[in-house]
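The following exercises concern a two-chain model. Each gives a task and then a solution in steps.

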Amino acid sequence: MKYLMLICGDENLDLSPEETAAIGTATDAWVREATERGVRLDGNRLARTETATSIRSRDGELLVTDGPFAETREQVGGYDVLECADLDEALEVASSHPVARIGTIEVRPFWDQ
Amino acid sequence: MTVDAALTQAFRSGWGRIVATLIRTTGDWDLAEECAQDAFARALEVWARDGVPDSPVAWLTTVARNRALDRLRRAKTEATKLKEVASVPAPEEVAVDDDLPDDRLRLMFTCCHPALPTEGRVALTLRTVAGLTTAEIARMFLVPEPTMAKRLVRAKHKIRAAGIPFRVPPAHLRPERLSGVLAVIYLLFTEGYAATSGDRLVRRGLTDEAIRLSRLLTTLAPDEPEARGLLALLLLQDSRRDTRVDGDGRIVTLEEQDRARWDSGEIEEGLALLARTPTGGPYVLQARIAACHAAAPTAASTDWPRIASLYGQLAALTPSPVVALNRAVAVGMAEGPEAGLTLVSDLEASGALVGNHLLPAVKADLLRRLGHADEARTAYEEAHALARNQPERDHLASRMAALGTPT
């Protein structure tokens, strides 16, 4: 089954350069391992939410606004696409992601499978 | 045996097994339930005509399985007509083993998967493992039937859509998942046990179901000490059910309960379970505490030092303010009210139980025993203002009255 991992966290978290570097290294290791195992198909980190643009089209009119679709304490900062046997495997893969320790990871199955 | 009696018995022992077997073989929760229901409906007809078969559950399993295969076959034909790739397994590929006992354990673990909301876990366990109807479950939880139906549909949908596996979790997940199953059973029990209002009889069904499920779990997972601990705990608590409240709905404290009316059968079974369980976790410890009360012929002969020590172990294993408060009560009994009050002060300072009536109620009892009537009254008043249900408020009011008029 295919799952999307939404990597969420507070992007304004005050981390030291060392902590930031450590999370980066750990994430690289997680990506390498999950990819080699064949459970991670794709994924990437996203630019900060201030670079986001949201659009809504209503009655033929396009509304373009600056920023993410909702202001929340934690923001989506990246994603990974997993191919796993079942939810237990997906949760296990997600729980070893370094951001699980400081933020939240939402695991959702794809609609059509 | 009459057909009705045979059906009732087969339902009690067979429903969960049949549903579990069908879920494993077809992967379809709704299909499993519907075919099990069909089988019981057929039995009503056929048994009345031909007599009750030698092994009713095996008969029902076969009928339910055939019905499921039939429906899958038909669904497959439809799918072929539509030229779609059949995702439904071909009936001949479906291996059906009769009633592996493991299936019900799988069912329990799946129903109690942590990815499901707690209320969904509880409802699904009662519906599929215990075989209660949606209407019965709704009544027990005091919610409208459509609400309960929606809960069940949602839980089953999530199992399918999110890919929650139908299995007994592997060893590395097992302790955590088992405690999830135990928590659901314990929640069922406390829901029924705590009920003191007019719906007591209906909700009493919940404690019975909890004990039945807990017993089933010890049969399916005989090597789990915590499963035995939970069953022992439920039996020992349940043994006091008839003495906790008097005829007018007033709370009777443990001290004042008529011990001759405690259910000796349940106590014996609980103590025997504990005797076979040398070590264990939080449920075993709580059961040992309940056993100290059950084994004491009079309130005065209660082994409070042992209870205090057990609460100490429990607090070390699963620290929580409620455990700490119970430990304060036990220490207050074992070493005297002053020692208990010291622990209560620590708890007050931590701010963990702010707004909970139990903290001032315990403090009041300890102060009363020290002879500090005025301070005790203030604490009882605080507890009285915070208590949520009427029997507890009445109990606190009578304690206050017993202190006499303010000096």
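**Exercise 1.** Does B:S239 count as buried or exposed, and why?

*Solution.* The model is predicted. Begin with the place of the residue: B:S239 sits in the loop that joins α10 (225-238) to α11 (264-275) of chain B. Next, count its surroundings. A residue is buried if 20 or more other C-beta atoms lie within 10 Å of its own. B:S239 has 23 C-beta neighbours inside 10 Å and therefore counts as buried.

Then identify the partners. With neighbours within four places in sequence set aside, B:S239 is in contact with B:W262, B:D263, B:E266, B:I267 and B:A294. Finally, consider a residue further along the chain: B:G270 is 31 residues away in sequence, and its C-alpha atom is separated from that of B:S239 by 9.4 Å.

**Exercise 2.** Describe how α10(B) and α11(B) pack, and give the residues that make the contact.

*Solution.* Two packed helices are described by the angle between their axes and the distance between the axes. For α10(B) and α11(B), the angle is about 155° and the axes are 8 Å apart. Angles over 145 degrees count as roughly antiparallel, which makes α10(B) roughly antiparallel to α11(B). The crossing of α10(B) past α11(B) is left-handed.

The residues can be listed by helix:

- α10(B) contributes B:R228, B:L231, B:A232, B:L235, B:L236 and B:D238.
- α11(B) contributes B:E266, B:I267, B:E269, B:G270, B:L273 and B:L274.

Sorted by class, this contact of α10(B) with α11(B) holds seven nonpolar, one polar and four charged residues. Two residues from Exercise 1 reappear here: B:E266 and B:I267 belong to the α11(B) side of the contact, and both are partners of B:S239.

**Exercise 3.** Carry out the analysis for α12(B) and α13(B), and state the classes of the residues in contact.

*Solution.* Locate the helices: α12 of chain B covers residues 282-295, and α13 of chain B covers residues 304-317. Their axes come within 10 Å and cross at roughly 165°. The helices α12(B) and α13(B) are therefore roughly antiparallel to each other. As for handedness, α12(B) passes α13(B) in a left-handed crossing.

On the α12(B) side the residues are B:P282, B:L285, B:Q286, B:R288, B:I289 and B:C292. They meet B:R306, B:I307, B:L310, B:Y311, B:Q313, B:L314 and B:L317 of α13(B). By class, the contact of α12(B) with α13(B) comprises nine nonpolar, two polar and two charged residues.

**Exercise 4.** In which helix is B:L366 placed, and which residues does it touch?

*Solution.* B:L366 belongs to helix α16 (residues 358-370) of chain B. It counts as buried because 27 C-beta neighbours lie inside 10 Å. Not counting residues up to four places away in sequence, B:L366 touches B:G332, B:P337, B:G340, B:L341 and B:V344. B:A339 is 27 residues from B:L366 along the chain, and the C-alpha atoms of the two are separated by 9.5 Å.

**Exercise 5.** Set out the overall features of chain A and of chain B.

*Solution.* Take secondary structure first. Chain A has two helices and six strands, in the sequence order β-α-β-β-β-β-α-β. Chain B has 18 helices and zero strands.

The other values may be tabulated:

| Feature | Chain A | Chain B |
|---|---|---|
| C-alpha extent along the principal axes | roughly 45 × 40 × 20 Å | about 90 × 45 × 40 Å |
| Residues in the chain | 113 | 407 |
| Buried residues | 14% | 38% |
| Contacts at a separation of at least 6 that join residues at least 24 apart | 76% | 60% |

**Exercise 6.** How many residues of each chain are in contact with the other chain, and what scores does the model carry?

*Solution.* Seven residues of chain B are in contact with five residues of chain A. The chain B side of this contact has six nonpolar residues, one polar residue and no charged residues.

Turn next to confidence. The model scores ipTM 0.89 and pTM 0.85. Chain B has a mean pLDDT of 90, and 92% of its residues reach 70 or more. Over residues 83-100 of chain B, however, pLDDT stays under 50. The model has 24 contacts beyond four places in sequence for that stretch. Where pLDDT is low, the predicted coordinates should not be read in detail.

Key. Residues numbered from 1 in each chain as written. Chains lettered and ligands numbered in written order. Predicted model: local features only at pLDDT ≥ 70, side-chain atom pairs only at ≥ 80, totals over all residues. Nonpolar A, V, L, I, M, F, W, Y, C, P; charged D, E, K, R; others polar. Helix = DSSP H or I, 4+ residues; strand = E, 2+ residues; numbered from the N terminus. Buried ≥ 20, exposed ≤ 12 C-beta atoms within 10 Å, placed from the backbone. pLDDT = per-residue confidence, 0-100. Axes fitted to C-alpha atoms, helices over the stretch in contact; angles between N-to-C directions. Parallel < 35°, antiparallel > 145°, perpendicular 65-115°, else oblique. Left-handed = near helix turned anticlockwise from the far one by under 90°.
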